[in-house]
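Me: I am looking at this model for the first time. Please take one part of it and go through that part closely, then place it beside a few others.

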Amino acid sequence: MLHKTWRRVATATAGLLALTLTAACSEDPGESTDLSENRAGAMADYGVGDQFKATEALSFSTLYNNHTFYPLKEDWLFWSELTKRTNVTIEPVAVPLSDYEQKRSLLIGAGDAPLIIPKTYHPQENAFVSSGAILPVSDYLDLMPNFKDKITKWNLKPEIDNLRQSDGKFYLLPGVHEKPTQEYTVLVRTDILQELNLSVPKTWDELYTVLKAMKAKYPNVYPYSDLFSKPTPTGALLNILGASFGTQAGWDYQHATWDPAAKKFTYTGASEQYKQMLTYLHKLVAEGLLDPESLTQTDDQARQKLANGKSFVVTGNAQTLVNNHRPDLAKTLPNAKMAKIPLPIGPAGEINPFPRLENGIMISTKARESKNFVAMMQFIDWLWYSDAGMEFARWGVEGTTFTKDASGKRSVTADVDFLGINPKGTKHLQKDFGFHNGVFAYGGTPDLVRGFFSPEELEFQKVMDARPPRLVSPPYPFTDEEREQVSLWETPLKDFVSQNTLKFALGQRPLTEWDAYVAELKAKNSEQYIDMVNKAYERFQKNNG
């Protein structure tokens, strides 16, 4: 069961945490390959597909992102069953979801970080590399046979290379997917399509035509009124729209975009693709097809507009469709029908933009000198990367939270609900058992990841699976000196791009001023930034073949 001394972090101050393993770290743990003193509790022969079980009872401190939807409980089956299977007890250092990134930085900076630091999104680990606070995990992959096996089997080397630093090593163990599983797209009132005798739009241009028809029929309605304006205005819409136009925007915004024809990086916010995306977005706003309040309104305001027939289209995923919009409409417009359509195709052609790597795990440097270091890496490899560990973290215990039929297809048990599968169930997979927890359930095969999906969602994924994945950009790891310099440029540049994205979209700044805007970006060091990116890219290519 969960260790009785599990802790919540209210403030991040030095000396707050009594870590399980406290040996001092070496100056450069990556250079030391002698692990003969670090094998206590480890399995002598641990390989792909083996059940990891420590040879003695162990416990490892782990930073825990405490989600408001399923707050941490001591009596979750996840904890007791994990200990039963692995002889390992996790000591969660719980911090609120809203403060996770800030508290993580404070704990690492104070030297008080737990040994295992999950829920880290690349490139967030970059901030901790130069200080030596986190391990170059790539030095220890031989301790992680399941992770290595999946990188090889799923041809993930290009994605993994993107994690590498200027020393050629990477410091984050990412969640890995065999195939991309695109989540966000456009949700449309299909009853309105039927009323107007319109087909489901396949491209962004066809969506524009659909919105025009909706506006003509309902002139007092903004057909598309969107959510997700916080913290990035229209973050989800710009995310999918940017990918369709061959750029990066919204939640996905990165300063540098790879140009495969020129074999170099360009500054994203100044690219022709970004301009084309903004031209399309502005056209929607200017013609009354996209609610200008989409860029500032709260999610609740957008939901109310949709529920009250003041809009017909939003950006979303299966969860927002099933948990929010359909129940909302059922209360106010019971005859309304809404569906998640395949991601519209844009100038970039048919692509599946979802990445195959997701957030992952940093390892505190102090773990390297622990006598249990090898056992800890084996444990991480089993829980996050073995087939059995991935199934356990996501689905739970067979016979209790899920069952399998003769073909191996999984189903949650009748009394357990998740994503509305068993709405009358008295227990919830996350809230009552601790499974499908975002701290532990990463990646996997399509049948594992999509096992909870409805037939409707599986059909959506079938369409997206037929599309080629988005091109993986080559890495451009900065040196410590370069990173120190670009960190001074990145925030002002991103803020300026975000502000002008809004202005161009809303018509507050005419697109005829694009060249002036680009000149202003250059004045904020966009060219110097890209020069440094391309220099780093060329250096990495030279040093790594």
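Reply: What follows is a close look at helix 15, and then at some other parts of the chain. The model is predicted.

Helix 15 covers residues 480-506. Its length can be checked with simple arithmetic. At 1.5 Å a residue, the 27 residues of helix 15 should span 39 Å, and the C-alpha atoms at its ends are 39 Å apart, so the two values agree. The helix does have a kink of about 30 degrees, and Val486 is at the centre of that kink. Val486 is also one of the buried residues of helix 15. The others are Glu482, Trp489, Leu493, Phe496, Val497, Asn500, Thr501, Phe504 and Ala505.

What do the buried residues of helix 15 pack against? Their partners are four helices and one strand: helix 7 (235-244), helix 8 (272-286), helix 16 (514-523), helix 17 (526-544) and strand 8 (264-267). Just after helix 15 comes Gly507, which takes a positive phi of about 80 degrees.

One residue of this helix can be followed further. Asn500 lies in helix 15, and it counts as buried because its relative accessibility is 3%, while the cut-off for buried is under 20%. Leaving aside residues up to four places away in sequence, Asn500 touches Arg509 and Tyr517. With Arg509 there is a polar contact between the two side chains, at 2.7 Å.

Asp142 makes a useful contrast. This residue is found in the loop between strand 4 (116-120) and helix 3. Is Asp142 buried or exposed? Its relative accessible area is 66%, so Asp142 is exposed; the cut-off for exposed is over 50%. The side chain of Asp142 still has a polar partner, since a contact of 2.8 Å joins it to the side chain of Lys148. Between Asp142 and Thr320 there are 41 Å in space, C-alpha to C-alpha, and the two are 178 residues apart in sequence.

Helix 3 itself runs over residues 145-153, and its buried residues are Pro145, Asn146, Phe147, Lys150 and Ile151. These pack against helix 4 (157-161), strand 5 (173-176), helix 11 (373-385) and helix 12 (387-395). Asn155 follows helix 3 and has a positive phi, near 55 degrees.

Helix 9 (residues 299-307) can be described in the same way. Ala302, Lys305, Leu306 and Ala307 are buried there. The cover over these residues includes strand 9, helix 10 (318-332) and strand 10 (338-340). Gly309 follows helix 9, with a positive phi near 75 degrees.

Strand 9, residues 313-316, is covered on both faces. Val313 and Thr315 are buried on one side, and Val314 and Gly316 are buried on the other. Strand 9 runs antiparallel to strand 6 (residues 185-189), and 4 bridges join the two. Within this pair, Thr185 stands opposite Gly316.

Last come the nonpolar cores. The largest has 70 residues, of which Val186, Trp204, Met214 and Tyr529 touch the most other members. Not counting residues up to four places away in sequence, the contacts of Trp204 include Val186, Leu237, Ile240, Leu241 and Tyr280. A second, separate core has 68 residues, among them Trp79, Met377, Ile380 and Val412.

Methods. Residues are numbered from 1 along each chain as its sequence is written. Side-chain values use heavy atoms; hydrogens and water are left out. Buried means under 20% relative accessible area, exposed over 50%, partly exposed in between (1.4 Å probe, protein chains only). Contact means heavy atoms within 4.5 Å. A nonpolar core is a set of buried Ala, Val, Leu, Ile, Met, Phe, Trp, Tyr and Cys residues joined through side-chain atoms within 4.5 Å. Two strands pair if DSSP finds at least two bridges between them. A polar contact is a pair of N or O atoms within 3.5 Å; within protein, one must be able to donate a hydrogen and the other to accept it, and residues adjacent in sequence count only if both atoms are side-chain atoms. The expected span of a helix is 1.5 Å times one less than its number of residues. The bend at a residue is the angle between axes fitted to the seven residues ending there and the seven starting there.
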